[in-house]
Amino acid sequence: MENKSFKSGFVALAGKPNVGKSTLINALLGQKVVIVSDKPQTTRNRVNCILTEDHYQIVFVDTPGIHKPIRKIGEYMVNIAINALKGVDLILFMIDAKDGLRNSDLRVAEIVDKSKIPTILLVNKVDLVKDKEKINLMTKKIKSLCSNILKTIEISALTGKNLFELKQSIIDLLPEGPQYYPEDMITDKPSRFIISELIREKIFHLTKEEIPHSSGVVIEELKERENGVLYVRAEIYVEKNSQKPIIIGKNGSMIKKIGQLARQDIEELFERKVYLDLYVKVRDKWRDDKNILNNIMEYKIEEIKD
């Protein structure tokens with residue numbers, strides 16, 4: 001669709017793990033599109049999230065947090081995040097006012113600066129910090145490292161503080177262009193990927209210690225039955241035999257809870273009844289297995305047809 005008054009573009013979010021990128025995208029879109037957790041490194045893939053209005057389309061590129069990788073899966077995540085910055089129209093570089101600046105922030109700043117792409121610096125979680133001088137020193141330090149920062153906005157992705165100003169700033173900086181995606185499309189990821197992410201989010205919320213990061217989800221079967229119910233069979237991978245009973249829980253209580261909460265989100269997103277069948281399998285060192293990672297990190301399976 002060509003319209004000289006229509007603005008569009010790709011806006012990548014950059015920042016360390018757990019800085020609030022996914023929370024911000026969900027807030028700007030007004031619905032859950034990407035999963036969130038209070039645990040770092042929740043996002044493992046690049047996800048394009050699409051906001052379309054009458055006179056603009058913003059494609060937000062949600063990426064894994066940039067960190068020092070330890071496992072093969074960490075290397076994948078960092079490479080995804082860095083490559084996602086290439087070719088976008090604008091970068092939103094997020095830092096955490098409450099957490100302060102860490103080495104990981106400085107690492108992101110170096111990558112953002114090298115990109116030469118126009119950037120808005122976002123200071124998130126300002127609702128949790130009363131010391132304005134702390135925020136000023138943080139922004140001053142980042143600006144000294146990034147020559148491509150056009151403006152700074154203090155926000156709270158959780159409470160919505162200054163998100164209207166942010167959205168207007170993004171629109172102002174985007175070029176005139178085409179509508180890249182249909183107006184009713186909110187993400188470019190296939191249904192299997194979105195469902196697996198919703199299940200994984202519940203694992204992050206309900207389990208502790210090494211379990212969230214040791215787990216992965218693969219959708220083995222996805223089909224619409226004759227009665228209109230969406231049938232989903234998913235396998236949850238863990239790395240150790242000792243982790244399997246934790247995911248299952250006493251008398252199946254944990255996996256039942258994971259399934260109930262995930263099913264509610266899946267039904268809300270797809271607007272239909274869902275039968276969710278969950279299984280737990282032990283896959284030793286799956287986070288270093290390229291074959292498994294290629295399946296989990298990026299699905300290439302066709303969308304469900306309505």
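The following exchange examines the packing of a predicted model.

Trainee: Which helix gives the most residues to the largest nonpolar core?
Mentor: This core holds 52 residues, and Leu24, Phe60, Leu92, Leu166, Ile170 and Ile199 touch the most other members. Among the helices and strands, the one that gives the most, with 6 residues, is helix 6 (residues 191-206).

Trainee: Where does this core lie with respect to domain 1 and domain 2?
Mentor: Domain 1 covers 5-171 and domain 2 covers 189-295. Both give residues to the core, so its position is between them.

Trainee: Which residues does isoleucine 170 touch, leaving out those up to four places away in sequence?
Mentor: Ile170 is one of the core residues that touch the most other members. With residues up to four places away not counted, its contacts are Val11, Ile58, Phe60, Leu90, Leu92 and Ile120.

Trainee: Is helix 1 largely enclosed by the rest of the structure or largely open, and how many of its residues are buried?
Mentor: The buried residues of helix 1 include Leu24, Ile25 and Leu28, as well as the polar Lys21, Ser22 and Asn26. They pack against strand 1 (7-14), strand 2 (47-53), strand 3 (56-62), strand 4 (90-96), strand 5 (119-124) and helix 5 (163-173). Helix 1 (residues 21-29) is therefore largely enclosed, and its buried residues number 7 of 9.

Trainee: Is glutamate 201 buried or exposed?
Mentor: Glutamate 201 belongs to helix 6, and its side chain forms a polar contact of 2.9 Å with that of lysine 202. Buried requires under 20% relative accessible area. Glutamate 201 has 0% relative accessibility, so it counts as buried.

Key. Residues are numbered from 1 along each chain as its sequence is written. This is a predicted model: local features need pLDDT of at least 70, side-chain atom pairs count only at pLDDT 80 or more; totals for chains, interfaces and linings use all residues. Side-chain values use heavy atoms; hydrogens and water are left out. A nonpolar core is a set of buried Ala, Val, Leu, Ile, Met, Phe, Trp, Tyr and Cys residues joined through side-chain atoms within 4.5 Å. Buried means under 20% relative accessible area, exposed over 50%, partly exposed in between (1.4 Å probe, protein chains only). Helices (H or I, at least four residues) and strands (E, at least two) are DSSP runs, numbered from the N terminus. Domain bounds come from an automatic or database domain assignment. Contact means heavy atoms within 4.5 Å. A polar contact is a pair of N or O atoms within 3.5 Å; within protein, one must be able to donate a hydrogen and the other to accept it, and residues adjacent in sequence count only if both atoms are side-chain atoms.
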